[in-house]
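Q: I would like to learn how to read a fold from its coordinates. Can we go feature by feature?

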Amino acid sequence: MKPLNEYNQRILLQKDEIDAAVRSMGQRILEDYADEPLTLIGCLKGSFIFMADLVRAIHRPLHIDFIEVSSYGNDLSSSGNVRVIKDFKHPVQDSHVLIVEDIVDTGLTFDFLFEHIWLKKPRSLEIAALLVRNSVDLEERSVKYHGFTIGDEYVVGYGLDAAGLYRNLNHVAVFEK
Ligand code: PRP
């Protein structure tokens, strides 16, 4: 396995930019939900680092849970199937829910998660994503909190992977083989 610096990589988001965006998002969430019950559900695996930093930037009690999904798209279109590998367990009927995602790419996972979690009747359901592709129609898919809008670059780091690797980078880099 090559270290990342042997690939042609360009840092897209430095750790300090990410930290500032996460701190600001945490502050907004703190203000928006006041002292209402709040549950954050991180979508594995990509969200695990963002989730860990975001929850520590929201200085109030909250519940934390995770869901793991897998999507089977085909190469020609974004229409694929998403299925649950590991479901979240926390009862959310009396709580506001914030889905935590590393990236909204085609929006397929977004659609699935909204439908799936909405069935459990939370008080409200919104999403916090570190990255949103600029191809995502934010009128159609409302991402309440997002850190950065990016183009169609293949990005890795801060939870995002290339074939399972590079999730452990502190920054987000454009990955080109
Ligand atoms: C990534 C990411 C989102 C999803 C977004 O997960 O974490 O969950 O893709 O893509 P979409 O908007 O096109 O649906 P991935 O399937 O790569 O799995 P991972 O989280 O385990 O890396």
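Q: How many bridges join S5 to S6, and do the two strands run parallel or antiparallel?

A: This is a predicted model. Strands S5 and S6 run parallel, joined by eight bridges. One residue pair to look at is Leu98, which stands opposite Glu126 in S6.

Q: Which residue is the bridge partner of Leu38 in S5?

A: That partner is His96. Leu38 starts the range of strand S2, residues 38–44, and S2 pairs with S5 in the parallel sense over five bridges. S5 therefore has parallel pairings with S2 and with S6, as strands count as paired from two bridges up.

Q: Which helix makes a β-α-β unit with S5 and S6, and what is the hand of the unit?

A: The helix is H3, residues 108–118, and the unit S5, H3, S6 is right-handed.

Q: How many residues of S5 are buried?

A: Nine of nine, across residues 96–104.

Q: Where is Ala129, and is this residue buried or exposed?

A: Ala129 is in strand S6, residues 124–133. Ala129 is buried because its relative accessible area is 0%, and the cut-off for buried is under 20%.

Q: Which residues are in contact with Ala129, leaving aside neighbours within four places in sequence?

A: The contacts are Met25, Phe50, Glu101, Asp102, Val104, Val143, Tyr145, His146 and Gly147. For a distance check, take Asp53: it is 76 residues from Ala129 in sequence, and the C-alpha atoms are 13 Å apart.

Q: How should I read a nonpolar core, and how many residues has the largest one here?

A: In soluble globular proteins, nonpolar side chains tend to be buried together. The largest nonpolar core here has 29 residues. Those with the most contacts inside it are Ile29, Leu40, Leu54 and Leu131. Helices H1 (15–33) and H2 (48–56) each give two or more residues to this core, as do strands S2, S5, S6, S7 (145–150) and S9 (172–176). H1 gives the most, with six residues.

Q: What does Leu54 touch, not counting residues up to four places away in sequence?

A: Leu54 touches Val22, Met25, Gly26, Ile29, Leu40, Val100 and Ala128. Apart from the largest core lies another, of 20 residues, among them Ile41, Phe88, Val97 and Ile99.

Q: How are aromatic pairs described, and how many does a search of the whole structure find?

A: A pair of aromatic rings is described by the distance of the centres and the angle of the planes. The search finds three pairs. Ring pairs link Tyr154, Tyr166 and Phe175 into a cluster.

Q: What is the backbone phi of Tyr166, and where is this residue found?

A: Phi of Tyr166 is positive, about 75°, although the residue is not a glycine. Tyr166 is found in the loop between S8 and S9. Tyr166 counts as buried because its relative accessibility is 9%.

Q: What is phi of Tyr158, and is Tyr158 buried or exposed?

A: Phi of Tyr158 is near 50°, again positive in a residue other than glycine. Tyr158 lies in the loop between strand S8 (155–156) and S9. At 2% relative accessibility, Tyr158 counts as buried.

Q: Which residues does a cis peptide bond join?

A: Leu44 and Lys45, with omega about 0°. Lys45 is in the loop between S2 and H2.

Notes. Residues numbered from 1 in each chain as written. Predicted model: local features only at pLDDT ≥ 70, side-chain atom pairs only at ≥ 80, totals over all residues. Heavy atoms only, no water. Phe/Tyr/Trp six-rings, centres within 6.5 Å; stacked < 30°, edge-to-face > 60°. Helix = DSSP H or I, 4+ residues; strand = E, 2+ residues; numbered from the N terminus. Buried < 20%, exposed > 50% of the residue type's maximum accessible area, 1.4 Å probe, protein only. Contact = heavy atoms within 4.5 Å. Right-handed = clockwise from strand over helix to strand, strands pointing away. Core = buried A, V, L, I, M, F, W, Y, C linked by side-chain atoms within 4.5 Å.
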